[in-house]
Amino acid sequence: MQVLKFGGSSVANASNISKCIAIISKAIEKDKTIVVVSALGGITDNLLHCATAASAGDEQYTEYLKGIEQRHLDTVRELIPVTSQSSILSMVKKTCNELEDIFKGIFLLRELSNRTTDCVLSFGELLSSRILSASLAAQDMPNTWKDSRDLVATDSRFGHAMVDFPVTQKKMIAYFQQTQVSLYIVPGFIASDALGITTTLGRGGSDYTAAIYGSALESNRIEIWTDVSGMMTADPRLVSNARVIPDISYQEAMELSHFGAKVIYPPTLQPVMNKGIPVWIKNTFAPADAGTLIEKVSSTTGNSIRGISSIHRIALLSLEGSGMIGIPGFSKRLFESLSRQQINVILITQASSEHSICVGVESSQAAIAKISIDDAFAPEIHAGSVMPLIVEEDLAIVALVGDNMKSHPGISGKLFGVLGRNGINVRAIAQGSSERNISAVISTKDVKKAVNVLHEEFFEATYKQLNLFITGTGNVGKRLIAQLAQQEHFLLDQLRLQVRVTGLANSRHMLIQEEGIDLSNWQPELEKGNPMHLRDFIKTIHSKNLRNSVFVDVTANKEVALGYEHLLLKSISVVACNKIASSSPYSYYRRLKDLSKEFNAAYYFETNVGAGLPVIGTLNDLLRSGDKIRKIEAVLSGTLNFVFNHYDGKMKFAKVVKQAQDEGYTEPDPRLDLSGTDVMRKIMILAREAGNAIEMEDISNNVFLPASCMIGSVEDFYLAMEKEEAHFKKLFDAAEAEGKKLKFVAGYENGKASVGLQHVGPSHDFYHLYGKDNIVLFYTDRYPEQPLVIKGAGAGAEVTASGVFADIMRAANI
């Protein structure tokens, strides 16, 4: 004997029922078969809506009933040949007439009891199973239809009746021994009490009905046919990469179904566990798919986690007070007060100090729970030894499930680590002694992100997803996007990293596409984006709440730099080419560093000094390894190095500066470079990274640019330089007379920093520094005489973009 159950989606219409018939025709070739049928998809809800309307005195219920009747009549007409329709059409009309009488009574009495509700809802399964039986008979598949109310015995708890298994088994064995056919059709979900009154087994109870038949008759197998190809590692509506679990133990399946996996009704497995009857979850719409096998012991897959599940609409109830410590009976009274209101407790956790106990319940029951518990503890609340019950709503539970967790230490650490790194706060945790389940209570808005990052952590050996939000599409930004596009396949194939540019913005437009922006067509797409408002851009990043998010700033915009804290507060990593934040007042620099630590979000700004050179990273490596910075000497402006390497006293100084600007080496306003302000910022950042609270005003600047060059626009600046050519020629001649070169040098020693033009001789490391190169000398405890030297191109869009790219990889923990 085998039992096949078809859910509401499988019998939603004539086309789907035809698919079920094809499956049944193959099944009966193998063994005797019992087919358990749900109501047509959505009909149970329609019946309940109709009954509720009638009880409210809404005469519209008659129209709702006509719709229900018409849907069944249409299904019959599409499914069954005309010559065989009359009897089944007559049955549908007669059954709906009975329903009409019941609804009329509900309408007149304005009352809808649980008993009457069960009676009304039973009609869905009665109609669908009779239609399926007639359809099979019309296709020369003889079968016997049997009303499950004659066989499944329950108590009188209407709405969620408890099965009397000894009586049910006795009835079933007696019935099936006296009938000898190969195919039986029975309605699921419905049963009857000792008085023969209709009861139901709870929403989703047709799965349970199949298990009851299978257990009572000790069938060889049970197949649950639904609209998915088995139990999944996560909800596919939340996780696009969720995959089918090939096999799973009864206990694991029960845990997953309890915590929100809707593929199978939670009580279903209880009747079959002790008898070891295998249960298959199969897809009506893809019958060739293997599905999921639920059995006593699942195979070892090498993965400690079998699946991830979640429950929404949870409220957390916390009972706290010093009067609870060391006093027995508090928990008992708490649970008794909930039990009296028939409130189901989903999760329990208690502090070892006994100062508080916390339970999770459905949000819809929170208000009743508070009234009941506050009433139960009224004397203690009045005395001040216990606080009134604290209720927190808009919460959800995320659960990891797996039999093998108990033999794999570190699962909890990975769970909380990955949630923490993504800014997901855990409000409560629970883990059973079996170590089969670890549950965390989180905010409802974080569920999608949490399930995705956990799935990525525990299941996706294929790749990790990184979501980038890039501001700035100038020279550096364009090259960064080009490099990301170029490396897309390499990152995926070699590093298992899927980098998606999810957001793009410049000074005019902003564009966010959760599925990722096409980098081959980003410019026209961005032009079609919304007007750029930084606050809205950041707000959208927050609301999207995507996993592994990184904000990349390749602007020189102060407003953008001041937005970093709002991102770090939400555990969104920041990669900054913009040096304004790190060179702003020390208090803001320190706040960003502290927020980065507190909220587990990376804050990297390697390109603030030396473009793509590993200057800041090397400095931090020295400090982390226990070294101490004693002195820094550096040429930190690629622009100034380019200018003084090309200025020979013959070509005018203004012309050399213009050449540097045209080749992309200067800021939009070259005075930021030539005034030494940019170099001051860079040496200050290095001094701060070395552990010194230094401000811009603490740095001395030996300015070489005449005051006249600092007045007016950029055009005025170039005109002023033309007039001051004699000044620049004099500086060059003085250095040349000593056999030296002009270099703009930054220095830091004993807590003090300075920048300025120096004459550098041939024996100095800076003398042979050409083009746009930068050089940094670190004198430390370990490098006291011969410094650690970092040298290379310190300007240029391509190398700067590569430095930003490297920071993005660091933020991804690659």
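R110 sits in the loop between helix 4 (86-109) and helix 5 (114-138). The model is a predicted one. In it, the phi of R110 is near 55°. That value is positive, and R110 is a residue other than glycine. R110 has a relative accessibility of 46%. It counts as partly exposed, because buried means under 20% and exposed means over 50%.

Q342 offers another case of positive phi. Its phi is about 55°, although Q342 is not a glycine. The residue lies in the loop between helix 10 (330-340) and strand 12 (347-350). Q342 has a relative accessible area of 68%, so it is exposed.

Strand 12, which follows that loop, also belongs to a sheet. Six strands form this open sheet. Their order is 12-13-11-14-16-15. The pairing is antiparallel. Strand 12 and strand 15 (428-431) are the edge strands. Each of them pairs on one side only. On average, neighbouring strands of the sheet are turned by 30° against each other, with direction ignored. In general, the strands of a sheet pair through backbone hydrogen bonds.

One pairing within the sheet can be followed in detail. Strand 14 (residues 390-401) and strand 16 (residues 437-443) run antiparallel. Seven bridges join them. At one position, V401 stands opposite N437 of strand 16.

Helices lie across strands of this sheet. Helix 8 (residues 250-258) lies across strand 11 (307-320), strand 14 and strand 16. Helix 8 runs at about 65° to strand 11. Helix 13 (residues 411-421) lies across strand 14, strand 15 and strand 16. The angle between helix 13 and strand 16 is about 15°. Strand 14 and strand 16 thus appear in the list for helix 8 and again in the list for helix 13.

Helix 13 contributes several buried residues. I411, L415, V418, L419 and G420 are buried there. The cover over the buried residues of helix 13 includes strand 14 and strand 16. It also includes helix 14 (447-458). Just after helix 13 comes G423, with a positive phi of about 70°. This residue is a glycine, whereas R110 and Q342 are not.

Notes:
Residues are numbered from 1 along each chain as its sequence is written. This is a predicted model: local features need pLDDT of at least 70, side-chain atom pairs count only at pLDDT 80 or more; totals for chains, interfaces and linings use all residues. Side-chain values use heavy atoms; hydrogens and water are left out. Helices (H or I, at least four residues) and strands (E, at least two) are DSSP runs, numbered from the N terminus. Buried means under 20% relative accessible area, exposed over 50%, partly exposed in between (1.4 Å probe, protein chains only). Two strands pair if DSSP finds at least two bridges between them. Axes are lines fitted to C-alpha atoms, for helices over the stretch in contact, and angles run from 0 to 180 degrees between N-to-C directions. Contact means heavy atoms within 4.5 Å.
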